[in-house]
Amino acid sequence: MKKSTLQYIYFIISTIVIMSICRISMSYFLSNYHYTLVYGVAALWFMAMYIAGWYFGKKEFEELPLYAAGLKYHLATYSIFMEISYIWFIYGEKSKYENLYQVNMTLGIWGFFLLLHIILYFYNKPKSIKGLEKGEIFE
Amino acid sequence: MRDEKLINQLLEAWEETYKKGQLTLWILLALKDGDKYSDEIIQFISETSLHTMTCEEQSLYRILRKFEHLGIVSTYSGKGNKGPDRKYIKLTALGITLLQKFIDRNIKLFSQPSITKLYE
């Protein structure tokens, strides 16, 4: 298996672990009225995801500088967030202060920015050959 | 004396810029000479360029990964001079055509008599 593919798999595993922990702890803190900790978890979740994306993305880019890598990571993060959120709401022990509307709202707003990212990807596609930026190919 | 120092400084600056885009050409020339593993490519570049060009191992691997992704080169395992099997790199048909067209368009023009007479 290519090293770049391995980095992507590691990122997906990290994302599933980070999101599961954050999802469960957020519902737990909400149920127990620790509202400040909910914000703390949200901030930690953001930072952990940023670091995971930066670390594995950088390693993958060093291996092969595919310009689509950013979008691939963004899509994976969005999909995992959606799946874990729905699974938790349907089968998990969500707090009584949470409802699906909030998840759908988050996915809607985030989805808008994801759509912008996809548009940007297609806008830049002609400037690349097989996913590599023309200026990055020859040295 | 002052002029000589200036010329040397200018030459160094010019050559630095001039060599920046040459690594691809040297790597592909090394592979046109025959299938090679990474150390052999580095050695070929150094010797054939009369040590005016050098290629770091990491840079070479990075470039070769991109070329393999683009289908310019391909790799296979083969026997080394000694020790375990080595990963050999070869030019694909696409790589051969690309190099030939690049040479025709950009290198051969320096061999024209109207240009070569200006070398002296």
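**View 1. Where chain A meets chain B.** About 1,200 Å² is buried between chain A and chain B, and carbon and sulfur atoms give 57% of that area. Buried area here is the accessible area (1.4 Å probe) that two parts lose on being put together, summed over both. On the chain A side, A:Lys130, A:Phe138 and A:Glu139 lose the most area to chain B, together 51% of what that side buries. This is a predicted model, in which local features need pLDDT of at least 70 and side-chain atom pairs count only at pLDDT 80 or more, while totals for chains, interfaces and linings use all residues. Residues are numbered from 1 along each chain as its sequence is written, chains are lettered from A in the order in which they are written, and side-chain values use heavy atoms, without hydrogens and water.

**View 2. A salt bridge across the interface.** Look for the side chains of A:Glu139 and B:Arg62, which meet in a salt bridge (2.7 Å, N to O). The term means a side-chain nitrogen of Lys or Arg within 4 Å of a carboxyl oxygen of Asp or Glu. Between chain A and chain B the count is three salt bridges.

**View 3. Two tyrosine rings in chain A.** The ring centres of A:Tyr8 and A:Tyr73 are 5.4 Å apart with planes at 55 degrees, so the pair is tilted. Rings of Phe, Tyr and Trp (its six-membered ring) pair if their centres lie within 6.5 Å; planes under 30 degrees apart are stacked, over 60 edge-to-face, and the rest tilted. A:Tyr8 counts as buried at 19% relative accessibility, and A:Tyr73 is buried at 7%. Buried means under 20% relative accessible area, exposed over 50%, and partly exposed in between (1.4 Å probe, protein chains only).
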